Amino acid sequence: MRRVEAVTQLRAPAERESLTPLRRRSESFHNLPLQLTRFVGRESEQAELLQLLEVERLVTLTGTGGIGKSRLAVELSGSLIHSYRDGVWLVELASLQESDLVVQSISEQVGVRAETGTAEQALLEFLRGRQLLLVLDNCEHLIQACASITEAILRTCPAVQILATSREPLHIAGETSWRVPPLSVPDAARHASRQLLEAEAVRLFADRAQASAGLVVNAANAESVAKICQQLDGIPLAIELAAARARVLSVEQIASRLDNRFRLLIGGGRTAPLRQQTLRAAIDWSYELLSTAEQRMLGWLSVFAGGFTLEAAERACATESTPAEDVFDLLARLVDKSLVQAEPGSGGQLRYRLLESVRAYAHEQLLAGGDAAMAARRHCAYYAELAQQAEKHLLWGSGALDWLARLDRELPNLRAALAWSLSEGGEPGMALKLAGQLGHYWYTRADRAEGRAWLKCALAHAASGNSTDASSCLSVRLVSRWECGAIRCSRLVCLTRASPSPAKLDPTAGSPSAWKVWPWWPGWRAASSEPHDCSALPPACASPSAHQPIPSIAPTTSEPWPPRWQDWVRAPMTPPGVRAYRCPWMT
C-alpha cells in the first residue's frame, strides 16, 4: 500500500473503555474554537498560569464579567494541546440552566456514552486512565454542580487537569484560585504618547477600532484613547464595545459620553452571547446570581468613591435589617463573586473598591430601590466623623503624618460626601462642618484653592436657606490667597452654634474645635481685629452680634498645645517657600 486508507481498532467489550483510540501522529485531540480576532496582551499572565499548571491540577480563573476569563483560558489551553496525550477539551456551560446537565455536557465533549450505571460513573471510569486537560468555562451559575464533579474527577482521575473559569471560586480541596486582572491602563496625564500606545488596554482598543472603523490610534489621539480605557477600568469587553462605536463617533466623543456608558456600550457582535453584546448585560449576568441581601449591599457600597475600608463599610452600610456583624460576611461574598475588588492597603489592612462600571450599575439599582438618600447620608456622616478625628490630630500634632496619608487615601470619599451634602436633597449644614474640618488638610497639602471652593459653595448653599439645619452647624469659613510667597488670611469667620439670640464669639465657649483655626498664620493679629462681612452667612447666623472682632485665642487647658508643635509645622509636606509661624502666645 502506498498510503493508509483507514485503520480500524478492534476492542473486546471488556476493554472498550480502557484503550485509547488510535490517532494519526499529526492529529491533535481538542475541540477549541478558532478565534477570529487577535489576542492582545496578557503575556505575563500566560507565563504565570503555565507555571501554575505545571504543579497544580485545578486552576480556577476568576474575575468580574467581561474581564476576559474565557478568552484567556482558550488561548492558554491552545498553547498546551501537545502537552496532553489525550487532548484538551473545552466544555462551555453558559447556556446550561439545569445542574444535572453539567456531567452530561462534559461526557458529550470527551466522547463518553453511559451504557451502564450513572452518567457520572461512566465519565469517571472513562477519564481514569487518560491524560488530558478539561476546560470548564462559565461555572458561576452552576457552581455547586461544577464543584461536585470537579472534586470527583480530581479524586478519581490522577492524570486529568482542570482549568475552570468562574466569577467566584469553586471552593473545593486542591483548588488554586487565580484572579484575572484588568488590562494594563496608562495614566494619560503622566505618560508620553509612546508609553500610552504600549499599554495593553490601548493596544486592544486600537486593534478593534482599526478592524471595525479603520481608525488609526496614534500620538494625536492616544491621550483620548487612554482616558477611555481608564474610565472603563481596563475591562476588555467594555473596551471592545467602545471601539465599535468608533464607526459613528470620534475618540473624543466616545470619551465624553462614557458618563452614560450603559446606553453607549451596546454595539456587540450579533453572534456573540447575549451577555457579551452590551455592558449592562454582562453585569446583569452577575447581579442576578446574587441573593437579595448581596444585591442590597452592593448598592450601598456604590456610594463609596475610590475605595473603602472594612470599618467604613461596617459603619456606613449597617442598618436595622443588616447589622454591622453581617456586613463583613456580605462583603466577603461580593469579593468572592468578583464584584468587589480587594487590594493591599497601608498598615496591613485591605482596601476594597468597585470597578467604575460595576459601581455605576450598582448605583442605578440603589436609586431604583429608594435607599440612595439614606446610604449617602450614612456615608457622609461617617466621613464627617473621620474628618473631625483627623482635625484634632492635624492641629495638635499627634500622628499628623499618618492622618494626612489616611485623608489622602480617602479624598475621593470626602469629595463625594461634600458633593452629596451640597446636592438637592443633601445637607448643606453637613457640608459646612465637613469643609471646615478639612481646612487644615487643604492648608497642609497646599491645595487651598479646592478648600476655598468647597467652603464658598457650602456657605452659599447655607445662605440660600436650602438647609433647615444650617443654623446648627459648627464650621470655619476661610478665604485666603497666596501673596508674596506666604499665606495671608484675608477673612476668617467662625460660625457659632446659632440660637434665637446668637452669642458673641467666645473662645472659651462651645466646642474647642471651633477655635482650631490655624492661629499662627501671618496676618492673624490684623484679621482678628477686623469687622467681618456677614452677607454670605446663613440667615440664622447673620445677626451683627454674632460676629464681633475675633479675639486672640490661647489654647485651652483641656487640649494643650503640644510642646513640639514647631516640628510638626515644619513637616515635609509643608509647601516650598512657606515659613512656619509661631502662634501669637508662643515665646
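User: What does buried mean here, and what makes Glu175 notable in this respect?

Analyst: A residue counts as buried when its relative accessible area is under 20%. In this predicted model, Glu175 is buried yet has no salt bridge. Glu175 belongs to strand E5 (residues 175-179) and touches Leu58, Thr60, Pro169 and Leu170, leaving aside residues up to four places away in sequence.

User: How do you know that Glu175 has no salt bridge?

Analyst: A salt bridge requires a side-chain nitrogen of Lys or Arg within 4 Å of a carboxyl oxygen of Asp or Glu. The nearest side chain of opposite charge, Arg179, is 11 Å away from Glu175.

User: Why is the pair Glu450 and Arg415 called a salt bridge?

Analyst: The limit is 4 Å, and the closest N and O atoms of Glu450 and Arg415 are 2.7 Å apart. Glu450 lies in helix H22 (residues 448-463) and Arg415 in helix H19 (residues 411-421), so the pair ties together parts 35 residues apart in sequence.

User: Which of the words buried, partly exposed and exposed applies to Glu450, and which to Arg415?

Analyst: Buried means under 20% and exposed over 50%. Glu450 has 17% relative accessibility and therefore counts as buried. Arg415, with a relative accessible area of 33%, is partly exposed.

User: Why are helices H3 and H5 called oblique to each other?

Analyst: The axes of H3 (residues 101-110) and H5 (residues 143-156) cross at roughly 55°. Angles under 35 degrees count as roughly parallel and 65 to 115 as roughly perpendicular; the crossing angle fits neither range, and H3 and H5 are therefore oblique.

Definitions and conventions. Residues are numbered from 1 along each chain as its sequence is written. This is a predicted model: local features need pLDDT of at least 70, side-chain atom pairs count only at pLDDT 80 or more; totals for chains, interfaces and linings use all residues. Side-chain values use heavy atoms; hydrogens and water are left out. Helices (H or I, at least four residues) and strands (E, at least two) are DSSP runs, numbered from the N terminus. Buried means under 20% relative accessible area, exposed over 50%, partly exposed in between (1.4 Å probe, protein chains only). Lys and Arg count as positive and Asp and Glu as negative; His and the chain ends are not counted. Contact means heavy atoms within 4.5 Å. Axes are lines fitted to C-alpha atoms, for helices over the stretch in contact, and angles run from 0 to 180 degrees between N-to-C directions. Angles under 35 degrees count as roughly parallel, over 145 as roughly antiparallel, 65 to 115 as roughly perpendicular and the rest as oblique.
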